[in-house]
Amino acid sequence: MKVVLVLALLLGLTLLWLELRHRLRPASPLQLRADGFQVEPTPAGLEVTGTVTISNPHRRMEVMVPEIQLKPTLLGRGDLAGVTVSARIEALHPDEESRPDGYWAAYIVKGRKSTRARVHISLAGAPGQPLNQLLDTLWLEILWINYGPFGRLERRDGVLIPLQKPSPQSAASANWREGDRCRVLPVGTHLLGVLDEPEAVLRRYAGELVQPGDVLTIGETPLAVMQGRYHHPATVQPSGLARLLCRVFHPTSSLATACGLQSLIDVVGPARVLGAWLVGLALKLVGSKGWFYRLAGDQARLIDDITGTTPPYDQTIVLGPDQPAAFCAAMARSLGVAVAVVDVNDLGRVKVLASSPGCDEALLERALRPNPAGNANERTPLVLVRPA
């Protein structure tokens, strides 16, 4: 009995040490937000402008931003070899004048203060090259350095800027599919990103299609990326626990890499992850499976590692959406129909993460089992389900 108590005490101390070490690890408080992006035609092609805001919510800590760079990548419908891209960033500090040469001078963001910068991206095509037929999306990565008491951290934020948006479907031209005692309509959108407001997307592409009694669903990954819940693996610092424990997961799991598992640890903490694994392993030995995912929380099932989503998010780690139940309830009140957040795959697996009150989840199970939204590049993150 004493041995068991000693082992339990050691385990508890280990979990406490892991949790404290995780919570006290060096971190920068700076936050980056991009907004106000616009795309305007020019004689040479297109001009993309927007604003980046860097804020420091910490009361006392001062953090320096000595470097910031832009890395634009174009996604299109054909060969983009003839398209030239130029990018520059203009400092708009509240207490300093912008340099005319465009040089980013190291800047201190003081506690509870912020600064801004203007982003300029110019796109030009070769003579006779129709950019409106080639270009689709601009993926803009912002590479910036945080320097302070925590050391020197490399940050990398990605912003997706649609260069073109498809016209919403009309009710007359909608191509409904017959399902099991229901009709199903995949609803196309542009490639979604953090600049999109979820309610505005639902209204633009499905607002004229919904009728009372319908259920409007959205995929969990598109909602998550609109909420900004993705990050580049270069910004993840895997702990020893993540490097060791990731090896026990199936190779196809998003937790089978150090960065993927560390992303879960960063959300729920190392003590919960290790505790869930130990309990899950013990129960698995007696024939009861799946307990790790139950104990580690919903994010353990929802995290998508790189290659798990459509480009350009295939190079990022995408978490599950934040507060999906509250989102569904708010959207249902706004649109007047039931709303659900779902996770569906080509194997016939349908998981309803959350739904608005009164939603017929049995109907969704029947309607979504054939995966009408698809798992490739269909760009139909919305699916409208209508009872027959």
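How many salt bridges does a search of the whole structure find? In this predicted model, the search finds 15. Side chains of opposite charge can pair when their charged atoms come close, and several individual pairs illustrate the range of settings.

Asp-101 pairs with Arg-99, with 2.7 Å between the closest N and O atoms. Asp-101 is exposed, at a relative accessible area of 52%, whereas Arg-99 is partly exposed, at 43%. A salt bridge also links Glu-141 to Arg-156, the closest N and O atoms being 2.8 Å apart. Because Glu-141 belongs to strand S8 (residues 135-148) and Arg-156 to strand S9 (residues 151-162), this pair ties together parts that are 15 residues apart in sequence. Glu-141 is buried, its relative accessible area being 4%. In the salt bridge between Arg-349 and Asp-343, the closest N and O atoms are 3.4 Å apart. Here Arg-349 is partly exposed, with 36% relative accessibility, while Asp-343 is buried, with 15%. In addition, Glu-67, Arg-152 and Glu-154 are joined into one network by salt bridges that share partners.

The helices were examined next. Two packed helices are described by the angle between their axes and the distance between the axes. For helix H3 (residues 198-206) and helix H10 (residues 324-335), the angle is about 40 degrees and the axes lie 11 Å apart. H3 is therefore oblique to H10, since an angle of this kind falls outside the ranges that count as roughly parallel (under 35 degrees) or roughly perpendicular (65 to 115 degrees). The crossing of the two helices is right-handed. Helix H10 contains Ala-332, which is buried at 15% relative accessibility. Between Ala-332 and Arg-23, the C-alpha to C-alpha distance is 37 Å, and the two are 309 residues apart in sequence.

Helix H6 (residues 258-268) is mostly covered, with nine of its eleven residues buried. The buried positions are Ala-258, Cys-259, Gly-260, Leu-261, Gln-262, Ser-263, Leu-264, Ile-265 and Val-268. Gly-269 follows H6 and has a positive phi, near 100 degrees.

A nonpolar patch lies on the surface, with an area of about 910 Å². Its contributors are Val-3, Val-6, Leu-7, Leu-9, Leu-10, Leu-13, Leu-16, Leu-20 and Leu-24. Of these, Leu-20 is located in helix H1 (residues 2-23). Leu-20 has a relative accessible area of 44% and is therefore partly exposed; patch residues need over 30%.

Key: Residues numbered from 1 in each chain as written. Predicted model: local features only at pLDDT ≥ 70, side-chain atom pairs only at ≥ 80, totals over all residues. Heavy atoms only, no water. Patch = residues over 30% accessible without salt bridge, like charges linked within 9 Å, V, L, I, M, F, W, Y side chains within 5 Å. Areas by Shrake-Rupley, 256 points an atom, 1.4 Å probe, with all protein chains shown as cover. Salt bridge = Lys/Arg side-chain N within 4 Å of Asp/Glu carboxyl O. Helix = DSSP H or I, 4+ residues; strand = E, 2+ residues; numbered from the N terminus. Buried < 20%, exposed > 50% of the residue type's maximum accessible area, 1.4 Å probe, protein only. Axes fitted to C-alpha atoms, helices over the stretch in contact; angles between N-to-C directions. Parallel < 35°, antiparallel > 145°, perpendicular 65-115°, else oblique. Left-handed = near helix turned anticlockwise from the far one by under 90°.
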